[in-house]
Amino acid sequence: MGMTDVLIVGAGPTGLVLACDLARRGAAVRIVDRSPAPPRTSRAKGPNPRSLEILDDLGVAEEVLAAGSAPLPMLKYRDRRPVAEADPWADSAPSPDARYGRGWLIAQWRLEGILRDRLAGYGVRVEPGREVVGLAQGQDEGEGDDGGHVDVTYADGPAGRARYVVGCDGAHSSVRKLLGITFEGTTAEDQVMVCGDVDLAEGVLDRTRWHQWFDEDGAVMLCPIPGTRTGWWFQAGPERDGRGRPLAPTADGFRRLLAHHTALPGRDLTRAELLSTYRVNVRMADRFRAGRVLLAGDAAHVHAIAGGLGMNTGIQDAFNLGWKLGLVLAGHADAELLDTYEEERLPVAARTLDLTSERLRATLEAIRRPGGGLDAAITPDTTGLGVGYRWSSLAAGGRAPGAEQPGPRAGDRAPDAPCADAATGERTRLHRVFAGPRTTVLGFGRGSAAVLRETADAYGGDAGVRVCRVYAAHEDRAGAEPGAVVDDAGHASAAYGTGASGDTGAGTVVVVRPDHHVGVLAPADDTRSVREYLRRLHGTGRSAERSPGMVDAVR
């Protein structure tokens, strides 16, 4: 039985992002899905700003932007007449520290297609029609701690074996059920929405708006699907039977809802597919890891649709987990590093459940009044850019929590900043520097040269660590190392709160994890914090024997 490094169960956005991240690290990955063909669902409307940064790191952001559209203003109706217009993204713009000021509209199946193509570029293809029905964790004889594996049984076909299994198989996750992990929470049977992809006769509705009809007896929402001429996302309150129970969605039901709430005749709806019923489910797994099996995305947590955070939280789970699995599989980090996945992402999931429930409550309240609409769900919290892990054991050292200095703290998302390549003068930005599956050590100020040199000596080459000296505009760059950048407009020093380091010579050093979060932010003479942090993630590097003496020499 051949062993694979990681078996990913479920080929939605969460599983595909994880597979891409692991495959580019050289891990042996398999990704299976119980559907016989790529599922097409009418749910997620696209990535938020933080997910766009992740897709950028994976090299697919340009394609995603080209295949989708900017989020649209919302036109709201009452009693069939337009009563208000709102553009919750009107004031959202890129900033030096965040390239993506707003999310993007793209059909989920289109995003999945782009990720599948990227994955195929690494020689990995989704295996359809493979349903996991059994998981058994075992230990190989005489292999020590690292010899563990999971035996996987499928509904049909030969069994498989993997070092790790990740369940990305949705709210009804078979992986979670096989582990016996509870999925505590509530299902609001009365909070029901019917959804589908529909075609409307050409020209009957303005495709530059997201149309929302909210009446006292129900609602219809129609948002144009990017990349189509006549396709729309249809969401509505369901039809109900004589006893008030919601009816299953049908094309004719959609036509009746359209005719009832809008000024359009039902016959304008020419096709309806991917019909589904959405109930507000707020549930969370009580743990995200059981030995060598982990859960991500909807398999680990589901919540209200308000704010569009479902798919995004899953993509961000995958990006947190991918680099940790990669470093453990490569033998650089101990398996305990995987405990930090649950330590960091479970509180984020819990907070997301609260946030989305609150946004849903605010939306349901807003739509009772004419002019209220889905813009009530959009807040700065829904960008994902503010999510960090200050509580994490990986948020080590650096600034004291009470210190009122500008810039991020350990655990926070590492800000972006435009800058120039020191050698060529070409425009670049810090998130370009961070891109790819490596840890980055940034050095600000002359005093950071020694710790950068030590890090390059210990981890240079293929150990997954890169160093980058950030020069202030006025600094002498003679002999600048390859990969160094010039903070010519001062955005990087402003973002990281290192304003004076270029002048004083003291310097600041920032260790940025592969998922763009700050691990260490410390004075450049605090080489111990940097060394201990890198050792935890990347082992001792290739010059462990001479590293301590070298540190003394450069102090």
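How many bridges join S1 to strand S2, and in which sense do the two strands run? In this predicted model, four bridges link S1 to S2, a strand made of residues 29-32, and the pair runs parallel. One place to see this pairing is Val6, whose bridge partner in S2 is Val29. Between S1 and S2 the chain passes through helix H1 (residues 13-24), and the resulting β-α-β crossover is right-handed. S1 also has a partner in strand S7 (residues 160-167): these two strands pair in the parallel sense over six bridges. Here Met3 stands opposite Arg161 of S7. S1 itself, which spans residues 3-9, is mostly covered, with six of its seven residues buried.

It helps to place these strands within the whole chain. The chain holds 14 helices and 22 strands. Of its 555 residues, 55% count as buried. When contacts between residues at least 6 apart in sequence are considered, 70% of them join residues at least 24 apart.

Two individual residues offer friendly examples of how distant parts of the sequence meet in space. Gln108 is found in helix H4, which covers residues 108-120. Although Gln108 and Gly12 are 96 residues apart along the chain, their C-alpha atoms are separated by 8.6 Å. Is Gln108 buried or exposed? Its relative accessible area is 12%, and because values under 20% count as buried, Gln108 belongs to the buried residues.

The second example is Cys223, which has its place in strand S10 (residues 218-224). Cys223 has a relative accessibility of 1% and so counts as buried. Which residues surround Cys223, once its neighbours within four places in sequence are left aside? Its contacts are Lys45, Leu105, Trp210, Trp232 and Trp233. Cys223 can also be compared with Pro71: the two are 152 residues apart along the chain, and 9.9 Å separates their C-alpha atoms.

Helices meet one another as well. The axes of helix H2 (residues 49-57) and helix H7 (residues 310-329) come within 9 Å and cross at roughly 45°. H2 and H7 are therefore oblique to each other. Their crossing is left-handed. On the H2 side, the contact is made by Arg50, Ser51, Ile54 and Asp57, while H7 contributes Asn312, Ile315, Gln316 and Phe319.

Further along the chain, seven strands form an open sheet with mixed pairing, in the order S17-S16-S20-S19-S18-S21-S22. Its edge strands are S17 (427-429) and S22 (518-523), each of which pairs on one side only. Neighbouring strands in this sheet are turned by 30° against each other on average, direction ignored. As a reminder, strands of a sheet pair through backbone hydrogen bonds, either parallel or antiparallel. The antiparallel arrangement can be seen where five bridges join strand S18 (residues 439-444) to strand S21 (residues 508-512). Within this pair, Leu442 stands opposite Val510 of S21. Helix H10 (residues 449-459) packs on the sheet, where it touches S18, S21 and strand S19 (465-472). The direction of H10 makes about 160° with that of S19.

Finally, the backbone deserves a look. Most residues other than glycine have a negative phi. Which value does phi take at Arg80? It is near 75°, a positive value in a residue that is not glycine. Arg80 lies in the loop between strand S3 (74-78) and strand S4 (81-86). With a relative accessible area of 41%, Arg80 is partly exposed. His516 is not a glycine either, and its phi is positive at about 70°. This residue sits in the loop between S21 and S22. His516 has a relative accessible area of 1% and is buried. The two loop residues can thus be set side by side: Arg80 is partly exposed, whereas His516 is buried.

How values were computed:
Residues numbered from 1 in each chain as written. Predicted model: local features only at pLDDT ≥ 70, side-chain atom pairs only at ≥ 80, totals over all residues. Heavy atoms only, no water. Buried < 20%, exposed > 50% of the residue type's maximum accessible area, 1.4 Å probe, protein only. Pairing = 2+ DSSP bridges. Right-handed = clockwise from strand over helix to strand, strands pointing away. Axes fitted to C-alpha atoms, helices over the stretch in contact; angles between N-to-C directions. Parallel < 35°, antiparallel > 145°, perpendicular 65-115°, else oblique. Left-handed = near helix turned anticlockwise from the far one by under 90°. Contact = heavy atoms within 4.5 Å.
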